[in-house]
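Student: I should like to go through this model with the criteria behind each term stated. May we begin?

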Amino acid sequence: MKAMIVTYGCQMNEYDTHLVQSQLVSFGADIVDSVDVADFVLLNTCAIRGKPVEKVRSLLGDLRKIRARRPLVIGMMGCLAQLEEGQQMARKFGVDILLGPGSLLDIGKALESNERFWGLAFRDELHDHVPPAPAGQLQAHLTIMRGCDHHCTYCIVPTTRGPQVSRHPDDILRELDSLLVAGVQEVTLLGQNVNAYGVDQGARVGGYPSFANLLRLVGRSGVRRVKFTTSHPMNFTEDVAAAMADTPAICEYVHLPVQSGSSRVLRRMAREYTREDYLRHVADIRKHLPHAVLATDIIVGFPGETEEDFQDTLSLYDEVGFDSAYMFAYSPRPGTPSYKHFDDLPREVKTERLERLIARQKEWSARKNAAKVGTIQELLLRGEAHDSGFLEGHTRGNHPTVVPKAVGVTGPGVHLARIEHATPHMMYATLVDSAGNALPELPKLNPEAAALTSPLAMA
Ligand code: SAH
Ligand code: SF4
Ligand code: F3S
C-alpha cells in the first residue's frame, strides 16, 4: 500500500499524523508525498476556524474525482472527523475510513475492514502507546495530555477532542527515552492546557506530578531543550516559571494565549481570568525569567467586541510587549456556545482590526528582535535554507534564524551563533564558537577551478 497523510491544524495533529504514519509503516505501507502515486489518502483535519474546514471540503471533492478514474481509499481523521459537520462531508464524498482524535489506533482494523469504517470513541490506549521516534530529526513533539476541560465559548476543541486526560508520567518518560536514543535534541510537550496536567486524575493524583514538576523531570532527563505548548493563563502558576528558571534545559519561551485585552470580552469568552490576572502572570514570568520570550494568541471581532474593547487589546500589547503572536479573526463554529450569539461584526471591521493588530505586533517583533542583535543564541539547525549556502533553524526563544554554513557546520545540529541582523520575522546570524569567535567561513568556490571540473567544460 502507498499511503499519504495530509495534515491541517496544530502541533497535536502533527503528532497524531506521526503516530498514524508509524502504524501504517508497521503494517508494511510505503509513505508517499504525492496523491498521484498514493492508493490511500488520509486527511488529518482541523475544525478550529471555517477556513481549514472549507479546505478539507474542497480536497475531498478533488479526491472523489480522482477515485472516479482509478481505485483510491479515502480517509479522514482528526478534529473535523469527530464532528457531525465532518461526518456529513464524509457521507457526501464517500469517505471510506473516518477516525476521530480518540480512535487513531483503530487504523489497522479500519484498513482490514471491507466496509466503511468509522471510529469515534475516545480510547485510553492511545496514552500507553509509544510511537517510534521520528527518524533523523532533531526535534520532536511529545503529547502529555489529550482533550480539554475548559469551555471557552468560541472554541470547538472540547467537542472534537473530548475531556482532558493526562498521560501517565511513566509513558511520557518512556517516549522521551526513545526520542533521546534516536538523537532528538528538542522536545515540545503538547497539550491544550499543559498547566492543568494531572488535575483530571483527581484522587489518583498521587502518581501524577504537577506540570511544574513534570517539567523538572523532563528537563533533567538529558534532553538538551524542552518547550511546551499551550499554557492556559487560568492554570498558570508561579511554580511553572520557577521550574523554568531552575531547570536549564527548559527554554525561556512561553506561549500564553490571552485572546483579548478586555476583561469584559474575556468574561464573555469564559476564559476565567481578567486582564489584570494575565498581567500578573506576565510579571511572575519576568520575575523568574527576565529574558523570557513571550508569545500569545489573539482573537479579534468576538461577538459584541466594541472599538473600546479592541483598544484594550492594543493597550495590553503595549503593556506586555509580545515577541510574537498568532492573530485570528473570530470564526463562528457551529456547536460552540458563542455560535448562538449573532456574529455581529461586519467582516470589514474584523479585517480592519486584525490588520491594525498585525501592524502593532510587527512593531513589537521588530523592536524585540532588534534587541537581540549582538547577542549569542543557541540555534537548533534543521537543515539547508532556501539558499543552499545557508542553514535554517530557531533559537531557544523560537525565533526563526538563518546562518551561512561554516567549516564543520554544514548540516543539522545545535550550535551557537551571534545575531547580526533582525527583521520582525527573521533573524540573521553567524556561527560562533563557545568563546564567541566566528567560525571560519567555508572556502569560496573558485569560479575558474569550478569551470575546469564542471561536466560542461569536459564535454
Ligand atoms: N488550548 C489553547 C488554544 C487552542 S486553539 C488555548 O486555550 O490557549 C488555538 C487558537 O485558535 C486559540 O488560542 C484561539 O486564539 C484560536 N481560536 C480558537 N477558536 C477560534 C475561533 N472560533 N475563531 C477564531 N480563532 C479561534
Ligand atoms: Fe479551546 Fe479554551 Fe480549551 Fe483552549 S482552553 S482548547 S481555547 S476550550
Ligand atoms: Fe488542533 Fe485544529 Fe483540532 S487547532 S486541536 S487540529 S481543531
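Tutor: We begin with one criterion: a residue is near a molecule or strand if one of its heavy atoms lies within 4 Å of it. This is a predicted model, in which local features need pLDDT of at least 70 and side-chain atom pairs count only at pLDDT 80 or more, while totals for chains, interfaces and linings use all residues. Residues are numbered from 1 along each chain as its sequence is written, chains are lettered from A and ligands numbered from 1 in the order in which they are written, and side-chain values use heavy atoms, with hydrogens and water left out.

Student: What makes a residue part of the surroundings of ligand 2, and which residues are they?

Tutor: The criterion is a heavy atom within 4 Å. C148, H150, C152, Y154, C155, V157, P158, Q192, H232 and R271 surround ligand 2. By class there are six nonpolar, three polar and one charged residues in this shell. Here Ala, Val, Leu, Ile, Met, Phe, Trp, Tyr, Cys and Pro count as nonpolar, Asp, Glu, Lys and Arg as charged, and the others, Gly among them, as polar.

Student: Why is ligand 3 said to lie between domain 1 and domain 2?

Tutor: Its shell consists of G9, C10, N13, C46, A47, I48, C79, V157, R161 and Q192. Both domain 1 (2-122) and domain 2 (125-368) contribute residues to that shell, so ligand 3 lies between them. The domain bounds come from an automatic or database domain assignment. The shell around ligand 3 holds six nonpolar, three polar and one charged residues.

Student: What surrounds ligand 1, and which residues are the closest?

Tutor: Ligand 1 is surrounded by 15 residues, and the closest are Q192, P257, Q259, D297 and S331. In this shell, seven residues are nonpolar, four polar and four charged. The strands β13 (293-300) and β14 (324-329) each supply at least two of the shell residues. Strands (E, at least two residues) and helices (H or I, at least four residues) are DSSP runs, numbered from the N terminus.

Student: How do you know that Q259, D297 and S331 make polar contacts with ligand 1?

Tutor: A polar contact is a pair of N or O atoms within 3.5 Å; within protein, one must be able to donate a hydrogen and the other to accept it, and residues adjacent in sequence count only if both atoms are side-chain atoms. An N or O atom in the side chain of Q259 is 2.7 Å from an oxygen atom of ligand 1. For the side chain of D297, the corresponding distance to an oxygen atom of the ligand is 2.6 Å. S331 places a backbone N or O atom 2.8 Å from a nitrogen atom of ligand 1. The three pairs therefore satisfy the limit of 3.5 Å. In addition, the protein covers 90% of the 540 Å² of accessible area that ligand 1 has on its own, with areas from the Shrake-Rupley method and a 1.4 Å probe; for residues, only the protein chains shown count as cover.

Student: What makes the backbone at Q259 and at the bond from T229 to T230 worth noting?

Tutor: Most residues other than glycine have a negative phi, and most peptide bonds are trans. Q259, however, has a positive phi near 75°, and is found in the loop between β12 (253-255) and α10 (263-268). The bond from T229 to T230 is cis, with omega near 5°; T230 is in the loop between β11 (225-229) and α9 (238-246).

Student: How do you know that β15 and β18 are paired?

Tutor: Two strands pair if DSSP finds at least two bridges between them. β15 (residues 376-384) and β18 (residues 413-422) have six bridges in the antiparallel sense, and the partner of E378 in β18 is L416. They belong to a closed barrel of five strands, β15-β16-β17-β19-β18, with mixed pairing.

Student: Which bridges make the pairing in this barrel mixed?

Tutor: Five bridges join the antiparallel strands β16 (residues 390-394) and β17 (residues 400-404), whereas two bridges join β17 to β19 (residues 427-432) in the parallel sense.

Student: Why are β2 and β6 called edge strands?

Tutor: The open sheet of six strands has the order β2-β1-β3-β4-β5-β6, with parallel pairing. β2 (30-31) and β6 (117-119) each have a single partner strand, so one side of each is left without a neighbour in the sheet. Within this sheet, β1 (residues 2-7) runs parallel to β3 (residues 40-45) over five bridges, with I5 opposite L42.
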